[in-house]
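Good morning, and thank you for making time for this item. I should like to take you through one protein chain, beginning with the whole and then turning to selected places.

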Amino acid sequence: MPFSQCGSLVPRIGDENVVATAWERFLQDRPWSGGGVRDVVLDSWQRCRSEAVDPALRSAPGAAAERIRQLQWQNRDLCAAARPVLDGLRDILRECGTLIMLCDHSGTIIDLNGETRARSVGEDINLATGGCWSEAVIGTNAIGTAIATAAPVQIYASEHFCMDVKRWTCAAAPILDPLARTLLGVVDVSGVKETFHGHTLALVMAAAKQIEGELARHDGLLHGRLLARAIDDFSRYASDCVVLFDHRGRVVKTTGSVQSAREQHGVRLPFEIGGQVPGLNLAQPELDRRQQRPDWLRPEWQRLIRDEDGELGTLLVIPLGGARRPAAHAPTAPAAAADPFAEIIGSSESLRMAKSRARRIAPLDLPVLLLGETGAGKELFARAVHRSGSRPDGPFVAVNCGALTRELLASELFGYTEGAFTGARKGGLPGKFEQADGGTLFLDEIGEMPLDMQPHLLRVLQDGIVVRLGDTRERKVAVRIVAATNRDLLAEVEAGRFREDLFHRLCVVSLKLPALRERPGDIEAVIEHLNERLAGKYGCPPKQLSPTAREALLRYRWPGNIRELQNVFEAMFALSEGESIDDSLLPPHIAADLLTTPPTAALPAVPGRLEDLEQEAIQLAIRRANGNVSRAARALGIARSTLYVKLAAIKDGAAR
């Protein structure tokens, strides 16, 4: 159905009749080329049609009083942060005859202000506390459309989808969680269409930002109290995976290997700070939390963190020492001790060169910058460099610079004194620099560090002196820095997002780690390593891969690198029955990739010189093995050493 659109952010009063005509033709499924309908409005109308919204609806559905009280309690932090802002809006709009309201993430109004006459008129369409203004139930309106588009929006008169709402105008802006950036609610100003003003949209946008700022301040205070209560547990359970969640179930801090927790216990924790786990939101009733908890979340791992004011969050302690692999499948300790790089699997030329350069760098005790894509094994290399360095017995301390808020990152890196902020631990706390004294500090995702934090880091790197937050005492530290990023830091420097002097301080020597697609010959070795390790984890023999499944895994480009391969293979291993893994267990996108990849060319059927046929057979086997010489040798039925000799002969012949 052809419909002409326009892209203005603010409605035009003069277009009201044009929009009304377009709406009538839209309902009749008749084309309209007269223009005047904004993109955001027409897109919303089309969503209303797909949701089968009745344009004759007279009012929004409502909630019972008990349900309203429950929603207000569950959103008590949002309501508290919004209250002074809504009061300020009410004072500004006192004479305008408008309503100012706060909605939860579903579009249900949980708080409303406005003069009595406007409230009385709003009740006719249930523009009142408890009214649900989701697009799916009441059509195009600022609250529902702001939720659907995750963007501020203003809707005027005929732009509404339902008939009885068309005498209104409204402007709304979404309120996002300052940590997780998920939708928390919406702030809205509504009135009869005569109250329309183009500046109202800017007003609600500013109000939403004010509320987000207040939420961030409140979160900072609560997180400080939470960390102060839980900090001793991070030392007590240093050998386990410890995850601290705030009262809304968001990750605040992690220590230990989340990846190991996934391997040993099948947990599915979010890697990023601010990620949420269902069932740990203390704002929800206990019954709701219990129903939402994932199967992997064991009750014995959880401990509520409280202070005198109530529940602050949840500490999750996931043991990493209990699931040991059987001795038959365990790698020998001497090999790992003799070569710290033995855990980095692969023998491709690019990986061999990366390991060789890392071995030369390790004893130099210089700052190292690891460059590579997400999942390429940067932390494995960092640990290997540490164990190969001049202080292998010193501590190895890792910090993810992109996984903490600015305030938490500052206290994590530099530590703090007692009384430095509300909730600070009695006696203060040393930061990661002090904890890594005499060892290595691994700064992962260094490109994500806030710009205003970078001068403080630079000073410590230059002087080797740390000053805790709230303190004046200088503490001398001797720490080797290994940093890592998946960003182009030079481009970040040019864009003004990363300091040039800090870049040069960190990048004394750099090490580029190859992506998995750049070393396809290593994929089979990684698969065999994972097969052995998972056999130990699940208490069964290693499993056989069907030829089709193996070929699919070898052909796929693995944009998520080793981490993606590990997750895919474990899912296939765990879901397989018996002693084999077939292609039915392949993820759909990998199976589809196999179908769309052109088949490898067959051997020529025409006769030729024996030497030429042998050379073509060798080259075909190498291609089919994605460069893996061992697998190609097995396919040809010859020893690997024999194949190397023949490859050398082919290379010499080509040179001549």
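**The chain as a whole**

Of the 656 residues of the chain, 46% count as buried, where buried means under 20% relative accessible area, exposed means over 50%, and partly exposed lies in between, with a 1.4 Å probe and protein chains only. Please note that this is a predicted model, in which local features need pLDDT of at least 70, side-chain atom pairs count only at pLDDT 80 or more, and totals for chains, interfaces and linings use all residues. Residues are numbered from 1 along each chain as its sequence is written, and side-chain values use heavy atoms, with hydrogens and water left out.

The chain holds 25 helices and 22 strands; these are DSSP runs numbered from the N terminus, helices being H or I of at least four residues and strands E of at least two. Among contacts between residues at least 6 apart in sequence, 67% join residues at least 24 apart, a contact being heavy atoms within 4.5 Å.

Let me turn to helix H12, residues 349-361. Do its ends lie where its length predicts, or elsewhere? Its 13 residues should span 18 Å at 1.5 Å a residue, and the end C-alpha atoms are 18 Å apart, which agrees; the expected span is 1.5 Å times one less than the number of residues.Within H12, the buried residues are Leu351, Ala354, Lys355, Ala358 and Ile361. Seen down the axis of H12, they fall within an arc of 125°, so they line one face of the helix; the arc is that of the directions from the helix axis to the C-beta atoms. An α-helix has 3.6 residues a turn, so residues three or four places apart point the same way. Against what do the buried residues of H12 pack? Their partners are strand S12 (368-371), helix H13 (378-387), strand S19 (480-485) and strand S20 (509-512).

Between H12 and S12 runs a loop that contains Asp365. Asp365 has a positive phi of about 60° although it is not a glycine, and with a relative accessible area of 35% it is partly exposed.

Ala157 also has a positive phi, of about 45°, and is not a glycine. Ala157 sits in the loop between strand S5 (153-156) and strand S6 (168-176), and at 0% relative accessibility it counts as buried. One residue in contact with Ala157 is Glu16, which lies in helix H1 (residues 16-27). Leaving aside neighbours within four places in sequence, Glu16 also contacts Tyr156, Ser158 and Lys193. Glu16 counts as buried, at 17% relative accessibility.

Is Leu565, in helix H21 (residues 561-575), buried or exposed? Leu565 is buried, with a relative accessible area of 0%. Beyond its neighbours within four places in sequence, Leu565 is in contact with Leu516, Ile523, Val526, Ile527, Leu530 and Trp558. The C-alpha atoms of Leu565 and Gly375 are separated by 9.4 Å, with their positions 190 residues apart along the chain.

I close with the second largest pocket, which holds about 570 Å³ of space. On a 1 Å grid over the protein atoms alone, a pocket is an open set of points where a 1.4 Å probe fits, with protein on both sides within 12 Å along at least five of seven lines, and lining residues have an atom within 4 Å of a point. Of the 27 lining residues, the closest to the centre of this pocket are Gln74, Asn75, His105, Asn281 and Gln284. Helix H3 (65-74), helix H4 (76-92), strand S7 (183-192) and helix H10 (286-292) each give two or more residues to the lining.

Definitions and conventions. Points joined across faces, edges and corners; volume = space filled by probe spheres on them.
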